[in-house]
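Open the model in your viewer and switch to a cartoon view. Then follow the stops below.

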Amino acid sequence: CFVTPNEDTVAREAFRMLKSRPGAPAFSESFRRAAAICDALGALPLAYVPDPASSFDAASEDHAMVDTVRFARTTLAYGGGDCDDTTALLASLLEAAGLRTAILTTPGHVFLAFDSGEKAESAWLFAAPGFETITSGGRLWIPLESTGLGQGFTASWKAASALVARYRGSRDFGFLALADARASYPA
């Protein structure tokens, strides 16, 4: 519910980012749009600010604790947040630009992936040392670390790839496609 692609502030910002950064030719139109939004968001810049005594890290360990998650428009207005805030913001912006997203979890951390627009069989196109992809539902997903966007799209992909490589296949790795979640839990 914190991913709000139809909220006016978020949609307007996504369109502004796409106009201001047309992006270089890429693997697919989805990839180009994601890179443009990531680079534009990273140029803002957003500050990493942990939650007051209830971070995702602490809440993931203590199930009685409730984590603070901010809506995308609030994270934009504040100019920062922690991993769950910036993940909700980036997912909202990507979805406002027509990209499907998924929430990824590892112990004490949350980040995201977007549907590259490519079928899973095209993974070889993206094969490079240090860069991971995820296959789900016959699609190829690109992981992104939302707290490192100030370094650009490529660095964000690489940082998220390190997490995917470390946790993929373990019970500590979660992948939740937001379209699937919305089908089960409508707004």
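Which strands does helix 5 (residues 83-96) lie across, and at about what angle does the helix run to strand 4? Keep that in mind as you go; note that this is a predicted model.

**Stop 1: helix 5.** Select residues 83-96. Helix 5 lies across strand 3 (101-106), strand 4 and strand 6. Its direction is at about 20° to strand 4.

**Stop 2: the sheet.** Now show the strands. Five of them, in the order 5-6-4-3-7, make an open sheet with antiparallel pairing. Color 134-136 and 174-177: these are strand 5 and strand 7, at the edges. Each has a single partner strand, so one side of each is left without a neighbour in the sheet. On average, neighbouring strands here are turned by 35° against each other, direction ignored.

**Stop 3: strands 4 and 6.** Select residues 109-119 and 139-144. These are strand 4 and strand 6, which run antiparallel and are joined by 5 bridges. Pick Lys 119 and look across to strand 6: its bridge partner there is Arg 139.

**Stop 4: helix 2.** Add residues 29-42. This helix packs on the sheet and touches strand 4 and strand 6. Its direction makes about 145° with that of strand 4.

**Stop 5: a surface patch.** Turn on the surface and select Phe 27, Trp 124 and Leu 125. Together they form a nonpolar patch with about 350 Å² of accessible area. Zoom in on Leu 125, in the loop between strand 4 and strand 5. Is Leu 125 buried or partly exposed? It is partly exposed, because its relative accessible area is 35%, and buried would mean under 20%.

Conventions
Residues numbered from 1 in each chain as written. Predicted model: local features only at pLDDT ≥ 70, side-chain atom pairs only at ≥ 80, totals over all residues. Heavy atoms only, no water. Pairing = 2+ DSSP bridges. Helix = DSSP H or I, 4+ residues; strand = E, 2+ residues; numbered from the N terminus. Axes fitted to C-alpha atoms, helices over the stretch in contact; angles between N-to-C directions. Contact = heavy atoms within 4.5 Å. Patch = residues over 30% accessible without salt bridge, like charges linked within 9 Å, V, L, I, M, F, W, Y side chains within 5 Å. Areas by Shrake-Rupley, 256 points an atom, 1.4 Å probe, with all protein chains shown as cover. Salt bridge = Lys/Arg side-chain N within 4 Å of Asp/Glu carboxyl O. Buried < 20%, exposed > 50% of the residue type's maximum accessible area, 1.4 Å probe, protein only.
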